[in-house]
Amino acid sequence: MSYIIQAENLAKSYGEFLALKGISFRINKGECYGFLGHNGAGKSTTMRMIYGLSTISEGWLEVLGERIAPITPPHLKQVFGIVPQEDNLDPDLTVIENLEVYGGYFKISGKEARIRGQELLEFMGLSDKTNVNVEKLSGGAKRRLVIARALINKPKIIILDEPTTGLDPQARRLVWQKLRRLKEEGVTMLLTTHYMEEAAQLCDRLAIMNDGLILAEGSPEKLINEYVLPFVIEVRVSIDMLPPNINEKIGAMGGRAEYMVDSLFIFTENGREMWENIHETGLAQHACYLRPANLEDVFLKLTGKREEL
Amino acid sequence: MNMAFSILKRHLIVFRRTLWSNMVFNVIEPFLYLSAMGFGLGAFVQDMGGMTYIQFIAPGMVASASMWAATFECTYASFVRLHFQRTFHAMLAGPATVADVVAGEVLFGIVKNIVFGIIILVVIGIMGQVQSVWSLLIPLFLILPGAVFSLMALSYTGIINNIDYLNYYITLITTPMYLFAGVFFPVSTMPEWLQTLAWFNPLYHSVEVCRGLVVGQVSIILWQHAASLVFFSVVLAPLPVYFMRKRLIS
């Protein structure tokens, strides 16, 4: 029983609507566990239940061995650092005041909060913004400040709900780098994202969610091995223009045809060989793109057949 | 309760920054009423039970300015924190409960109502309208109406989902309370049924106590008014917690 968070058949309903249809997961100490899914897959609902903004409808949830019913009590919230989806920094306060006031909620004295706040601003690369009003910060800086705020109480568990949504590539990488540093320090992290790259970069283990359920779980490598072949050829021809009997031809060559998001993907053990003989299927090489399979392929294979996409 | 004071501390940091701009606005209005009504209307009104007209309305200005301060804080300002700034959500992600958040808002409503009560008290003092040292008890007394007005306003703020609906609260609740509280004329001149209704108007009790203390007519009746306000506070206390919980926790 060394799981830091454990859930069994966790479900949430809003009236008739089932936002979460019974998910189970176990998170180990010190690991980074990610929930990957579309908007509305149930990721944020799960996070909100853990950090106490939603009640549990069914199933159970344990944090540090303590059963939560129906809502996370304040003393458990003491061990969390929360990075919510929206930046709810206090616009009436300066950067350092945001940290000091938030520290006050955790019974950290004003002086201690100020010292710790300065350290965190240093760590997040924001020390030149100490006395700036938060409204004047860029999106990336705001995000880093939210993370700094989440660290003020030296949390055992950090919960990040889409930590880099809306950030530019530089800002995103900077956030990742900080999060990896925290992980090295042994902090347990829970994050939701719909960015495959983010999940692959940060997470030890992942749960792929769709429509309120977990469809697959495991390390990024394990998921790739389990659900797709190592190479993929993306065919850039619309489906109704494909040569006849292409599925059979691909099958005969040892490949696997998958149709995801209105495109043909050919998965194969041996990418180079398939690529060199692609003309045998009737496809032109210039319309095909060979690359190693990645998490996105797994994700699309599991969730991408949604009607609306 | 510790947490509520940590939240209050947050509000006070912000308040300190906006105190001066806030103060000018909050002083001008009662000052305008006081001079227009006191000097204008007062010229026609000769006797208000042994007081001049300006003497009569001055303590009511203290009580009503306090009410407006608490009301605006726990309507518009709380609404902005709840919906636009999501300050409450941030507090709840920390170790606060909804009751803590509500308590923090109400405490701040009380603080603002006392601060503006004191300011108006000083203003009417400068105008020579404070007759008794009993007035020094007013800041302490204002805790009671401050709690009632904050709880009322915050409950309504928790019910509505659009900031425009706050205007209805001001027009249909706060303004009638203001007009029928014995600020501008004695409640005893109103029809019987309005007099009965006045007992349910917290501002009426606040005005009566403030007037009693300002002019030095201290009697056992003042305790009755104070007790009514305590009663209202106790009855109202669970309401904003209930409505805010419905808003904040899904």
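Me: In which sense do β1(A) and strand β4 (residues 58–63) of chain A pair, and over how many bridges?

Reply: Good place to start! Strands of a sheet pair through backbone hydrogen bonds, either parallel or antiparallel. In this predicted model, β1(A) and β4(A) pair in the antiparallel sense, with five bridges. To fix the register, look at Ala7(A), which stands opposite Leu61(A) in β4(A).

Me: And what does Ala7(A) stand opposite in β2(A)?

Reply: There the facing residue is Phe25(A). Strand β1 (residues 3–14) and strand β2 (residues 17–28) of chain A are antiparallel and share nine bridges. The two strands form a hairpin with two residues between them, and Gly15(A) in that turn has a positive phi of about 65°.

Me: In what order do the strands of the sheet run?

Reply: Chain A has an open sheet of four strands, ordered β2-β1-β4-β5, with antiparallel pairing. Its edge strands are β2 and β5 (66–67) of chain A, each of which pairs on one side only. At the β5 end, two bridges join β4(A) to β5(A), and Val63(A) stands opposite Glu66(A). When you follow side chains along such strands, keep one idea in mind: in a regular strand they alternate between the two faces of the sheet.

Me: Let's turn to helices. Which residues of helix α11 (residues 238–248) of chain B are buried?

Reply: They are Pro240(B), Val241(B) and Met244(B). Seen down the axis of α11(B), these buried residues fall within an arc of 100°, so they line one face of the helix. They pack against α4 (98–126) and α6 (143–159) of chain B.

Me: How many residues of chain A are in contact with chain B?

Reply: The size of an interface is often given as the accessible area lost when the parts come together. Here we can count residues instead: 24 of chain A are in contact with 20 of chain B. On the chain A side, the elements giving two or more residues are α2 (74–77) and α3 (95–105). Helix α3(A) gives the most, with five residues. By type, that side of chain A divides into 13 nonpolar, six polar and five charged residues.

Me: Where is confidence lowest and where is it highest in chain B?

Reply: Where pLDDT is low, the predicted coordinates should not be read in detail. Chain B has a mean pLDDT of 93, and 100% of its residues reach 70 or more. Within chain B, confidence is lowest in helix α1 (residues 2–40), at a mean of 87, and highest in α6(B), at 98. For the model as a whole, the scores are ipTM 0.88 and pTM 0.89.

Terms used: Residues are numbered from 1 along each chain as its sequence is written. Chains are lettered from A and ligands numbered from 1 in the order in which they are written. This is a predicted model: local features need pLDDT of at least 70, side-chain atom pairs count only at pLDDT 80 or more; totals for chains, interfaces and linings use all residues. A residue is buried if 20 or more other C-beta atoms lie within 10 Å of its own, exposed if 12 or fewer, and partly exposed in between; C-beta atoms are placed from the backbone. The arc is that of the directions from the helix axis to the C-beta atoms. Two residues are in contact if their C-beta atoms, placed from the backbone, lie within 7 Å. Ala, Val, Leu, Ile, Met, Phe, Trp, Tyr, Cys and Pro count as nonpolar, Asp, Glu, Lys and Arg as charged, and the others, Gly among them, as polar. pLDDT is the predictor's confidence in each residue, from 0 to 100. Two strands pair if DSSP finds at least two bridges between them.
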